[in-house]
Every structure is written in structure tokens, then in C-alpha cells.
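Dear colleague,

I am handing over the structure that we spoke about, and it is placed just below. Please look through it first and then read the notes under it.

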Amino acid sequence: MCGIVACRTTDSAPDYLCESLEALEYRGYDSVGIAVQTVGGGALRLRSTRRVADLVEQMAAVATRELTGVGIGHTRWATHGGVSERNAHPHTDCTGSVHVVHNGIIENCDELRATLTSAGHLFSSDVDSEVIAHLVEDELAFGADLADALSHTIDRCEGSGAIVVMDSHSGRIVGASRHAPLVVAASPNGSFLASDISAFGPRVASFQVLRDGDVVELAAPLRWTGIRPDQPDVVTHEWAGTELGLHGYPDHMAKEIDEQPELAARILDRVGASATNGSLWRSLDLPDFDRVAIVGCGTSLNAGGIVAAAFRRFGRMPAETVIASEAAEAVLSPRTLVIAMSQSGETADILRALDGDNLALCQVLAITNNPHSSLARRANAIVECSAGHEIGVAATKTFVAQVLTGVAVAISALHELGRVDRANTESILDDLRRMPDLLAQSLTIAKDVVPPLAAQLIDAPGVIFLGRGAGVVYAAEGALKLKELTYRWAEHYPAGELKHGPLALVEEGTPVVVVDSGGSRIAGNIAEVAARGARLITIGGAGSTIPALGHSLIAPVDNGFQPCGPLESVIPMQVLARELALDLGRDVDKPRNLAKSVTVE
Ligand code: F6R
């Protein structure tokens, strides 16, 4: 989603801004822009509805000696107003001196715009963010300092967001945020603001995360104002540069799919023992609970579904998933443990859900890939899912990391609550420890078998995904990946539901992907679609179209349930989505309309 960068540096501002915007490309965007202070106290503004590379090309025609090291930049993911150059950030006030980049939504924008327009302000875009520039302009006209002008402006705007303002006249840059991520860092070469630390690259050794009410000015040293008497903690920045490269892969998605077996092994090494002896749960210092609600969105919600199933199956613990944007409808008792599952930890729907009256009395455990996120700060405890950087916008390896981490938390908590004994936790862990090999085996098979299958689907308008029991959530994840990457419709159903209506969709040649984790019932469902001429792709044991399921098949397992269900089925579905997307000419790392960090509701 929208990305913000800003710098006050001794180096070239355009170079820094373009490089750091490139580092934020993974968040997803549809237009981009920068504004750099000129030596004469004006600003050069460049915007594009194409990629950051387009700005770099535009810069080549500019005499850079006219520019200072002060500037701001933005990648936009449209909410208010269509995708166009005039709607791309930075936005300016009437004087052309105040430049604003903003990530979030201003809920009372119409009202503010009407007031400002009737006071004589001229708007040049359809974007809510532009009101900020005009509000700051008014504050400055009344003699306010830039930092105070921003504080007062935020007070007048309803909603959440991160804002950075540059006054090209003075060359000052201030930033503030409310319920939205914004980080600041200082180095010998200057000071920097950004939506996330990936923007900083190797330039800084530490950073600070702005809290609600903080206002910071890029200066040496940083100048903190706002309503808080103290400064946020300083966090050490470990640059993950080598991890971010493609290392010979054609795209990040391919690399991240491949990383999954090794990642699974790393996670199990890290949390395995502490899951079985309960110390993982004890270290969180959370109270006992008798119900679980897992709140999330998209892929994280699917991962939550598998974790909820583990609570139910192993501990007979009532556990449900709650779609974050619908959480206001959930009825939860105070003894419910809320697990907020979020890769980014910045998903606005989740943060808003946790603010709801119905969740306010519950303890919140965050399972997140970002220990410095807004969610991590809001939660009563956090467990990192430690997937490393995921650059592909569509989630792949973070899904596997969330599932394994979440299941480890479930086992550990159930053990501590006396619902699963030690022998059982050990045997569950033994099963989990087979997962890296199963994932590796599935990966090898998928890479071999799936590409020709994908090529056969090139003209298919859509695909149905089916599963039963633990396989249903994987079918959901497979369908989500296919939609996100190929822009074709894809629906998932519990296979048994098919005959209650959706079977109407199946005709000669309809592609149907089945997560076939074994058993006679799913065999019956497969027969139903085959009888109607479906183009069947089964992911199961030997004899399946994609024989990628090993130990997760129901037959060889005593209780018919693996700790994570058929987790390895997700890999062929990721590969299928990627291959078909490539065949269709899609950008698999940056699919349209998908954002990595969804910071608006
Ligand atoms: C799917 C995808 C999204 C995210 C969802 C939640 O590939 O990327 O569905 O899973 O937006 O995001 P997080 O996990 O950051 O809360």
C-alpha cells in the first residue's frame, strides 16, 4: 500500500528517494512521485503512473546541481480518486511551497475540502490527502511553526494515517502519524523518514518508530515535538540486504516459494522444543483462556484457520476465525484469547478490530513477521513468525511461517492449560518435524508437473478449488493465490457443499483443483465433478495429477489429522498460480490491486 520516504541528506536527494521508493515497491502501488527542494527554495516535483524506474528516467533530464539533499517521495495505492498523474503524491498547497505525502484515509475529507474551497483554496487533485497541504498552508499563514502546523492539521483530520510535510521555502521536513506506520532514522549522512525500514537500506544503524502524538523533524539531531514528553525507543537496524536480492531467480515469488522447506526447518528448530514443554506459552505471560478467536485477513486469515483447527483438534478448545473487517459482529467473552495474525502487523482492518468494544476486554497475542509494527505495540504479547523479508506482494512463505508458528503456540498453550499431555505434544512435534521434507518433496514434484498443467489452463475463465476437513482452508488459499496473480476468478468450496448448488458451475472442461487428503468421501466428490466433464487436477498421493502429498494423507495417520493438515499442498497451488500468471503475462511480484501492507480499512 502507499509508501512514504523523505530525506535531509548530504548526498543526492533524488538518488536516495528513487532508491528507497524502489525498496518499497514490494508494498504494491499504482503511481509514484517525488518533490525535491531546489537551491533557490522552490521544488522540483516529478510524478508518474508507471514504475519508479520512470522517475529515474525523468531525473536524467534534470540538472541535479540545482537540487538540494532535501526531498520527499511516495508510492500511491489509489483509494480516493483514480490513478492519474494529478492524483499522485506529493500534493501541494496554493503557494506551491508546502508539499505533502500521506498514507491513510481522511474520513472527513469532503467537509474539510468544502470549508477550504469556500475560503478560497484551489485544489488540483481528487485526492483526500491534498486537504493536508491546504490546512498546513493556513496554519503557516497564521504564523504557526511547521511542526505545530502539522500537529494542528492532524487534529482536524479524522481517520488514520502517516503524513510527511516538506516546506520547500525553508527546506524543513516534519512527519507525524496516527495509527499508521512511520519510522525515522538519523545517520552521519543525514536523517530519513519512511513507511517501513526497508526504505533505509544499509544507510542507518538504528531507527525509531513514531507513536500516535509524536511529531518529528528531520534535523541533526532529530527534533521531537508533539504531545509526548519522551522519545520512542531506539531500535537496532539489521540490514537484510543479501536476503533481498534475487540470487539468480527470475522473480521474488519463485525464490520465496523455494525458501519454504528450509524456512519450515528453521522455525521448527526455533520453536519446536519450547512448544512441547510449554515454555513458549509461559514466556508470553498471558492469562489462561477457554476460547480462541483468530483475527486476520486474506492469507493470514487462512493461516489462522489452520491454527484454529489445531486448537480444536488437539485440545477440544473452541476456536474460530474472525474476518478482521467484520469483527464488530463477533461475540467474545473476556476469557477469549484473541490471536491477531498479520504478516505486516500494519493491517488497518485488524488494528481497527482490536479497538472494538467486543475485543477490548480480551488479551491479544500477535503472530506477526514485523516485531516493530503497530500490531506488535498494541498486543499484550507477540510471537514472531520469522519468515524474513517477503518481497513478492502475494504471500507465500509467510503463510507457511504463520501456520507453523501458530500451531507451535497452540500446542504449547494447550499443554500449559493441561489439555494435551507431554507425550502427545512430543508426538505432534515429531509429525511437524517431517514437514520440511514433505514441503521439499512437494516442491520438487510441483516444479516438474505443474508448468504444463498451467499452460493448459490459459484459456480457462476460472478455476474451482475443493477440499474436505483440513484441506478446505488450503483450497481457500489456493483459490486466493490464483485470483491475486492471474486475475481470473477462482472459488473454493468444501467438497461436500458442491452438490448443494455450486456444482452448477461445473461443465465440460471446467478446471477443478482438489486438495485430496484422502478418504472415501472426497473420492465421491471427485467422481461427481468428473462425471460432469470437469478438467480435474488432484493434489494428493500416488496416482494424483500432482502426487505431492506425503504423510498428510488421511489413510496412514491414526487420528486422520496432521498438525497442520496437508500443508505441503499449498506449494503446487502457489506454483500453479505463478506459472499461469506468467503464461498470461502478469507481473507475479506486483500483481494488480494487491498491497503488501494494507493500511486503510
Ligand atoms: C495474499 C495477501 C493478502 C494479505 C492480507 C493480510 O497474498 O497478501 O491477502 O494476506 O492483506 O495482510 P497481513 O498479513 O499483512 O495482515
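The notes below go from the domains, through one interface, to the ligand.

Please keep in mind throughout that this is a predicted model. The protein chain is divided into three parts, with domain 1 running over residues 3-239, domain 2 over 246-433 and domain 3 over 435-601.

I looked at how domain 1 and domain 2 meet. Their C-alpha centres lie 34 Å apart, and the contact between them involves ten residues of domain 1 and nine residues of domain 2. The size of an interface is often given as the accessible area lost when the parts come together. For domain 1 and domain 2 the buried area is about 790 Å², and carbon and sulfur atoms give 62% of it. On the side of domain 1, the residues that lose the most area to domain 2 are Tyr26, Pro181 and Val209, which together account for 49% of what that side buries.

As for charged and polar pairs, there is one salt bridge between domain 1 and domain 2. Glu107 forms a salt bridge with Arg352, with 3.7 Å between the closest N and O atoms. Zero residue pairs are found in polar contact across this interface, counting pairs with both residues at pLDDT 80 or more. By class, the side of domain 1 that touches domain 2 is made up of six nonpolar, two polar and two charged residues.

Turning to the ligand, 16 residues surround it, and the closest are Ser300, Ser342, Ser344, Thr347 and Glu484. A polar side-chain atom of Ser342 lies 2.6 Å from a ligand oxygen atom. Backbone atoms also take part in such pairs, since a backbone N or O atom of Gln343 lies 2.7 Å from an oxygen atom of the ligand, and a backbone N or O atom of Ala395 lies 2.8 Å from an oxygen atom of the ligand. On its own the ligand has 400 Å² of accessible area, and the protein covers 92% of this.

With best wishes

Note on methods:
Residues are numbered from 1 along each chain as its sequence is written. This is a predicted model: local features need pLDDT of at least 70, side-chain atom pairs count only at pLDDT 80 or more; totals for chains, interfaces and linings use all residues. Side-chain values use heavy atoms; hydrogens and water are left out. Domain bounds come from an automatic or database domain assignment. Contact means heavy atoms within 4.5 Å. Buried area is the accessible area (1.4 Å probe) that two parts lose on being put together, summed over both. A salt bridge is a side-chain nitrogen of Lys or Arg within 4 Å of a carboxyl oxygen of Asp or Glu. A polar contact is a pair of N or O atoms within 3.5 Å; within protein, one must be able to donate a hydrogen and the other to accept it, and residues adjacent in sequence count only if both atoms are side-chain atoms. Ala, Val, Leu, Ile, Met, Phe, Trp, Tyr, Cys and Pro count as nonpolar, Asp, Glu, Lys and Arg as charged, and the others, Gly among them, as polar. A residue is near a molecule or strand if one of its heavy atoms lies within 4 Å of it. Accessible areas come from the Shrake-Rupley method with a 1.4 Å probe; for residues, only the protein chains shown count as cover.
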